[in-house]
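I opened a new model today and kept notes as I went. The entries are in the order in which I looked things up.

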Amino acid sequence: MLRGVAKARIRCLSTSAPRGFLFNLPDKKLVEKQDELKPTSKSKVVFLNEKNSPNYKAFDPERDTPGFRVNQWKDKVVQRKEIEGSYTAEEVTNIMNETFEELQGSRPSSFDGKDLHDLEFRFKYCKRLQQKLGFDLSDYLITRSHSLQDLLEEVKMMVTHRWSSERNPNAVVLRPEDFADAPNVYLNRELSEKAQQKLFKQKLKEAQAQG
């Protein structure tokens, strides 16, 4: 015998009645004639820039940033391209010894036996070392250097590593000394566009002075 199954009553979570979406469609004739519309002064959109804006003011350092000055905290500045030619491994060792003596009063007896577990001292030491070297040490390098020997090896790798462009780190960097045994090969060392312009202005100024 089959029994009737009562329908389950579904209770809406919202008491408001559902509403359909309303679309405000444009007139059909307007859509058909849109290619024939001509812009007027009221419908024209003006994009303001430094040439046509009435409120535009050129940047004036004295007015816009009064008293602004960049303080160089390094003793000297060594660009990344110049790191390899600026120091030798022995010079790095001497600078690290001098930096440690400056902060601690004496030189370490052994780099390998001197740990840098005191993070406050490690940061203070690395900051002073960067001031003396003139280039930055990455946070990753400082973090993984748990002793003076670790830090020494990392900095040595920086000063002996052949520089290559960060945009294309896999690029081959060739130098004249790479072809010392090949006298029939030479490298064309063209000046950059900026360097060419600088040289041109210099030569032009010399010619004008002579004339």
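What follows are my notes on the whole chain, two helices, two single residues and some salt bridges.

**Entry 1: the whole chain**

I noted before anything else that this is a predicted model. I then looked up the secondary structure and found 8 helices and 0 strands. Read from the N terminus, the order of elements is α-α-α-α-α-α-α-α. The chain has 211 residues, and 18% of them count as buried. I looked up its exposed surface as well, which comes to about 19200 Å², with 52% supplied by carbon and sulfur atoms. For contacts with a separation of 6 or more, I found that 54% are between residues 24 or more positions apart.

**Entry 2: helix α5**

I turned to α5, which covers residues 119-133. I checked its length: 15 residues at 1.5 Å a residue should span 21 Å, and the end C-alpha atoms are 21 Å apart, so the two agree.

Next I looked at both ends. At the N-terminal end, Asp118 acts as a cap, with a side-chain oxygen 3.2 Å from the backbone nitrogen of Glu120. After the helix comes Gly134, with a positive phi near 95°.

Which residues of α5 are buried? I listed Phe121, Arg122, Tyr125, Cys126, Arg128, Leu129, Gln130, Gln131, Lys132 and Leu133. I then asked what covers the buried residues of α5. The cover includes α4, α6 (139-144) and α7 (148-160).

**Entry 3: helix α7**

Since α7 is part of that cover, I looked at α7 next. This helix has 13 residues and runs 18 Å from first to last C-alpha, close to the 18 Å expected at 1.5 Å a residue. Its buried residues are Leu148, Leu151, Leu152, Glu154, Val155 and Val159. Down the axis of α7 they fall within an arc of 165°, so I wrote them down as lining one face of the helix. Met157 and Thr160 are exposed on the other side of α7. I also looked up what the buried residues of α7 pack against, and found α3 (83-86), α4, α5 and α6.

**Entry 4: Lys74**

I picked a lysine in a loop. Lys74 sits between α2 (61-64) and α3. Is Lys74 buried or exposed? Its relative accessible area is 14%, so Lys74 counts as buried, the cut-off being under 20%.

I then looked up what Lys74 touches. Leaving out residues up to four places away in sequence, I found Gln130, Gln131, Gly134, Phe135 and Asp136. Two of these names, Gln130 and Gln131, were already on my list of buried residues in α5. Gly134 I had noted as following α5. With Asp136 there is a polar contact between side chains, at 2.9 Å.

**Entry 5: Asn97**

For a residue within a helix I took Asn97, in α4 (residues 89-104). Asn97 has a relative accessible area of 12%, so this residue is buried. Beyond its neighbours within four places in sequence, Asn97 is in contact with Arg107, Pro108 and Phe111.

**Entry 6: salt bridges**

How many salt bridges are there? The count is 7. I looked at three of them.

Arg107, already noted as a contact of Asn97, forms a salt bridge with Glu101 at 3.0 Å, N to O. Arg107 is partly exposed at 41%, and Glu101 is partly exposed at 34%.

Asp64 and Arg63 also meet in a salt bridge, again listed at 3.0 Å, N to O. Both count as partly exposed, Asp64 with a relative accessible area of 37% and Arg63 with 44%.

Glu102 pairs with Arg128, and their closest N and O atoms are 2.8 Å apart. Glu102 belongs to α4 and Arg128 to α5, so this pair ties together parts that are 26 residues apart in sequence. Glu102 is partly exposed, at 44% relative accessibility, whereas Arg128 is buried at 18%. Through shared partners, salt bridges join Asp75, Glu102, Arg128 and Lys132 into one network. Arg128 and Lys132 were both on my list of buried residues in α5.

Conventions
Residues numbered from 1 in each chain as written. Predicted model: local features only at pLDDT ≥ 70, side-chain atom pairs only at ≥ 80, totals over all residues. Heavy atoms only, no water. Helix = DSSP H or I, 4+ residues; strand = E, 2+ residues; numbered from the N terminus. Buried < 20%, exposed > 50% of the residue type's maximum accessible area, 1.4 Å probe, protein only. Contact = heavy atoms within 4.5 Å. Salt bridge = Lys/Arg side-chain N within 4 Å of Asp/Glu carboxyl O. Areas by Shrake-Rupley, 256 points an atom, 1.4 Å probe, with all protein chains shown as cover. Expected span 1.5 Å × (residues − 1). Polar contact = N/O pair within 3.5 Å; in protein donor to acceptor, adjacent residues only side chain to side chain. Arc of directions from axis to C-beta.
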